[in-house]
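The following exercises concern one molecular structure. Each sets a task and then works through a solution in steps.

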Amino acid sequence: MKALRKYLDKVKPHFEEGGKLHAFRSVYDGFDTFLFVPNTTSKSGVSIHDAIDSKRIMSFVVIALMPALLFGMYNVGYQTYKLAGALASATFFDLFAYGFLAVLPKILVSYIVGLGIEFAWAQWKGEEIQEGYLVSGIIIPMIVPVNCPLWLHVCSFSSRILRR
């Protein structure tokens with residue numbers, strides 16, 4: 001980790017004002033604060049004066065959602081096999097694998113599109129990357145029907161950005 005920190009500190013001047021990659025400063029800051037806890041804390045207001053940032057909190061929320069996501073994957077397989085009348089011959093692994101393969105593309109599309117839109121929006125507006133995509137990227141696949149087309153995930157992230 002120290003080598004990664006040294007590398008990020010070494011390339012940071014390229015992303016500062018006047019550097020050759022200064023247009024991508026928000027992307028650099030997003031990766032830097034995602035990988036390492038910022039060493040700054042709130043100086044005023046009613047905030048708790050702690051080094052933990054909202055990216056860390058959102059990561060904990062995603063971890064807390066994992067049991068529900070895993071059960072949802074199993075349940076997709078269970079419901080499908082039950083509807084097909086093949087539940088008696090299915091193993092736990094069969095049920096989970098079917099659900100996993102049905103839900104995984106939705107998760108991938110949600111994160112790829114969500115991250116892409118967040119990075120593009122932050123670059124366009126010259127702002128920091130918001131951490132809402134971490135939770136939205138996992139919740140959206142959990143709440144949409146399993147037979148929902150993947151293009152609807154793209155629309156859900158687009159509408160989320162436009163509401164800002």
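**Exercise 1. Two phenylalanines in a helix**

How many residues apart in helix 4 are phenylalanine 96 and phenylalanine 100, and what separation in helical turns does this give?

Solution. The model is predicted, so a basis must be stated: local features need pLDDT of at least 70, side-chain atom pairs count only at pLDDT 80 or more, and totals for chains, interfaces and linings use all residues. Residues are numbered from 1 along each chain as its sequence is written, and side-chain values use heavy atoms, with hydrogens and water left out.

Step 1. Helices are DSSP runs (H or I, at least four residues), as strands are (E, at least two), and both are numbered from the N terminus. Helix 4 covers residues 92-125.

Step 2. Phenylalanine 96 and phenylalanine 100 are four residues apart in this helix, a separation of about one helical turn.

**Exercise 2. Classifying aromatic pairs**

Task: classify the pair of phenylalanine 71 and tyrosine 74, then the pair of phenylalanine 96 and phenylalanine 100, and describe the exposure of each residue.

Solution.

Step 1. A pair of aromatic rings is described by the distance of the centres and the angle of the planes. Rings of Phe, Tyr and Trp (its six-membered ring) pair if their centres lie within 6.5 Å; planes under 30 degrees apart count as stacked, over 60 as edge-to-face and the rest as tilted.

Step 2. The structure contains six aromatic pairs. In one of them, phenylalanine 71 and tyrosine 74 have 6.2 Å from centre to centre and 40° between the planes, and the pair is tilted. Both residues belong to helix 3 (residues 54-84), where they are three residues apart, about one turn of the helix.

Step 3. Exposure follows from relative accessible area: buried is under 20%, exposed is over 50%, and partly exposed is in between (1.4 Å probe, protein chains only). Phenylalanine 71 is exposed at 52%, whereas tyrosine 74 is partly exposed at 22%.

Step 4. The ring centres of phenylalanine 96 and phenylalanine 100 are 6.2 Å apart and their planes stand at 25°, so this pair is stacked. Phenylalanine 96, with a relative accessible area of 22%, is partly exposed; phenylalanine 100, at 32%, is also partly exposed.

Step 5. One aromatic cluster is formed by Phe71, Tyr74, Tyr78, Phe92, Phe96 and Phe100.

**Exercise 3. The nonpolar cores**

Task: identify the central members of the largest nonpolar core and the helices that build this core.

Solution.

Step 1. A nonpolar core is a set of buried Ala, Val, Leu, Ile, Met, Phe, Trp, Tyr and Cys residues joined through side-chain atoms within 4.5 Å. In soluble globular proteins, nonpolar side chains tend to be buried together.

Step 2. The largest core has 14 residues, and those touching the most other members are Val62, Leu69, Met73, Val103, Ile107, Tyr111 and Ile138. Helix 3, helix 4 and helix 5 (132-143) are the elements that give two or more residues to this core. Helix 3 gives the most, with five residues.

Step 3. Leucine 69 touches Val103, Ile107, Ile138 and Met142, when residues up to four places away in sequence are not counted; contact means heavy atoms within 4.5 Å.

Step 4. Apart from the largest core lies another core, of five residues, including Leu8, Phe15, Tyr28 and Phe36.

**Exercise 4. Serine 26 and its contacts**

Task: determine whether serine 26 is buried or exposed, and list its contacts.

Solution.

Step 1. Serine 26 is located in helix 2 (residues 25-35). With a relative accessibility of 9%, serine 26 is buried.

Step 2. Leaving aside neighbours within four places in sequence, serine 26 contacts Ala122, Gln123, Glu127, Glu128 and Ile129.

Step 3. Serine 26 and phenylalanine 119 are 93 residues apart along the chain, while their C-alpha atoms are separated by 7.8 Å.

**Exercise 5. The chain as a whole**

Task: summarise the secondary structure, the burial and the contacts of the chain.

Solution.

Step 1. The chain has six helices and zero strands, and its pattern along the sequence is α-α-α-α-α-α.

Step 2. Of the 164 residues in the chain, 31% are buried.

Step 3. Of the contacts between residues at least 6 apart in sequence, 56% join residues at least 24 apart.
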